[in-house]
Amino acid sequence: MLFVYGAAVLFVLFTATWLLQLKTGNAAIVDTIWSASFPVLAILYFALTDGHNLRKIIMTVMVIAWGLRLALYLFIRTIGHPEDARYTALRAKWGVHHNAYMLRFFYFQAILALVLSLPFALVMSNPDPVLKVVEWMGVAVWTVAVVGESLSDYQLKKFKADPSNKGKICDVGLWYYSRHPNYFFEWLIWVSYFIFATGSPMGFLSILCPAAILYFLLKVTGIPYTEEQTLKSKGDAYRKYQASTSAFVPWPKKRIHS
C-alpha cells in the first residue's frame with residue numbers, strides 16, 4: 001500500500017507539472033519537480049510507516065536536505081531562462097504530438113522516482129531500535145556526497161559567472177579531476193542510500209537504485225548528452241580536456257604526450 005499512496009501523490013504532482021509547462025512553454029521544470037519528489041515521498045513514508053523513529057528521522061533528513069538543495073539549484077537554473085535544449089529537441093522530434101509525448105515522459109519520471117524511493121520505504125519500515133554500523137557508514141558516505149555535489153555545483157556556477165571565462169572549459173576545483181564531478185557525487189548519494197538500507201530487512205534490493213542511476217548517467221541522459229552538446233560548442237578545447245581528465249570518478253589527470 002505504501003507505493004500505491006506514493007504513486008497517487010506522484011501522479012498528481014507530475015500531472016500538475018505538465019499542466020504548468022503547457023502554460024510556460026518550459027518543460028525543464030520537471031527536473032526541479034523530480035528532485036523535489038523525493039522529499040515528498042520521504043515525508044509520506046515517514047507518516048505511513050511504523051519503523052523506528054530515529055532511523056526514520058535520519059533517512060528523512062538525508063532525503064530532504066539533498067532533494068531540496070538540488071531542486072532549488074535546478075529551479076534557479078530554469079526559471080527566467082530559455083527551455084533546456086534537451087526538451088526543445090524532444091519537442092522538435094515529437095512534432096505536433098509533443099504535448100502528449102511530453103506527458104508520457106513526465107509520467108516515466110514519476111515511475112522512476114517511485115522505484116528509486118525503495119530504500120526510503122525499506123528503511124522506514126524497519127522497527128529495529130538499534131542502528132547498525134553499516135547505517136552510520138551510509139550517513140558518512142551521504143555527507144561526503146552532498147558536500148561534493150554542492151561544491152562542484154558552486155564551482156561551476158562561480159566559473160560561469162566570471163565574464164573572462166566565457167567560452168572556456170571549467171577545469172578548476174573538482175572539475176580539474178573529473179569532467180562531471182556533479183554526476184559522480186549524485187551517484188554516490190544513491191550509493192549511500194543503498195548502504196544505509198542494507199541495515200534493514202530486504203535492504204539489498206535497493207542496489208537497483210545506484211545501478212539505475214549509474215546507467216542513466218553513463219549511458220543515457222547524463223554524460224553522453226552533456227558531452228555531445230559541449231563538443232559542439234567547445235570543439236577541440238573540450239577534446240583536449242576529455243583526453244586528460246577522468247569522465248566520472250575524480251582522478252589525477254593523464255599526461256598528454258605531444
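**Rings, charges and burial, checked against the cut-offs**

User: What makes Lys56 count as a charge over the face of Phe46?

Analyst: Lys56 lies over the face of Phe46, 4.6 Å from the ring centre. This is a predicted model, and the rule asks for NZ of Lys within 6 Å of the ring centre and within 35 degrees of the ring normal. The 4.6 Å value is within 6 Å, so the distance part is met.

User: Where else does the charged end of a Lys sit over a ring?

Analyst: Try Lys253, whose charged end sits over the ring of Tyr176, 4.7 Å from its centre. That value also falls within the 6 Å limit.

User: How many aromatic pairs are there by the ring rule?

Analyst: The count comes to 22 aromatic pairs. Take Phe38 and Phe120: their ring centres are 6.3 Å apart, with 90° between the planes.

User: And why is the pair of Phe38 and Phe120 called edge-to-face?

Analyst: Centres have to lie within 6.5 Å, and 6.3 Å passes; planes over 60 degrees apart count as edge-to-face, so 90° earns the name. This pair links distant parts of the chain, with Phe38 in helix H2 (residues 29–48) and Phe120 in helix H6 (residues 118–124), 82 residues apart.

User: How do you know whether Phe38 and Phe120 are buried or exposed?

Analyst: Buried means under 20% relative accessible area. Phe38 has 0% relative accessibility, so it counts as buried, and Phe120, also at 0%, is buried too.

User: What makes Phe120 and Tyr193 an aromatic pair?

Analyst: Their centres are 5.3 Å apart, within the 6.5 Å limit, and with 90° between the planes the pair is edge-to-face. Phe120 lies in helix H6 and Tyr193 in helix H8 (residues 181–197), so the pair ties together parts 73 residues apart in sequence. Ring pairs join both residues to a cluster with Trp34, Phe38, Trp66 and Trp190.

User: Why is Leu214 called partly exposed?

Analyst: Its relative accessible area is 26%. Partly exposed runs between the 20% and 50% cut-offs, so 26% fits. Leu214 sits in helix H9 (residues 208–219). Leaving aside neighbours within four places in sequence, Leu214 is in contact with Trp187 and Phe248.

User: What about the cysteines: why are Cys170 and Cys209 called buried?

Analyst: Cys170 has 9% relative accessibility and Cys209 has a relative accessible area of 1%. Each value is under 20%, so each residue counts as buried.

User: How many disulfides does a search of the whole structure find?

Analyst: The search finds 0 disulfides. So no pair of cysteine sulfur atoms is within 2.5 Å.

Definitions and conventions. Residues numbered from 1 in each chain as written. Predicted model: local features only at pLDDT ≥ 70, side-chain atom pairs only at ≥ 80, totals over all residues. Heavy atoms only, no water. Buried < 20%, exposed > 50% of the residue type's maximum accessible area, 1.4 Å probe, protein only. Phe/Tyr/Trp six-rings, centres within 6.5 Å; stacked < 30°, edge-to-face > 60°. Helix = DSSP H or I, 4+ residues; strand = E, 2+ residues; numbered from the N terminus. Contact = heavy atoms within 4.5 Å.
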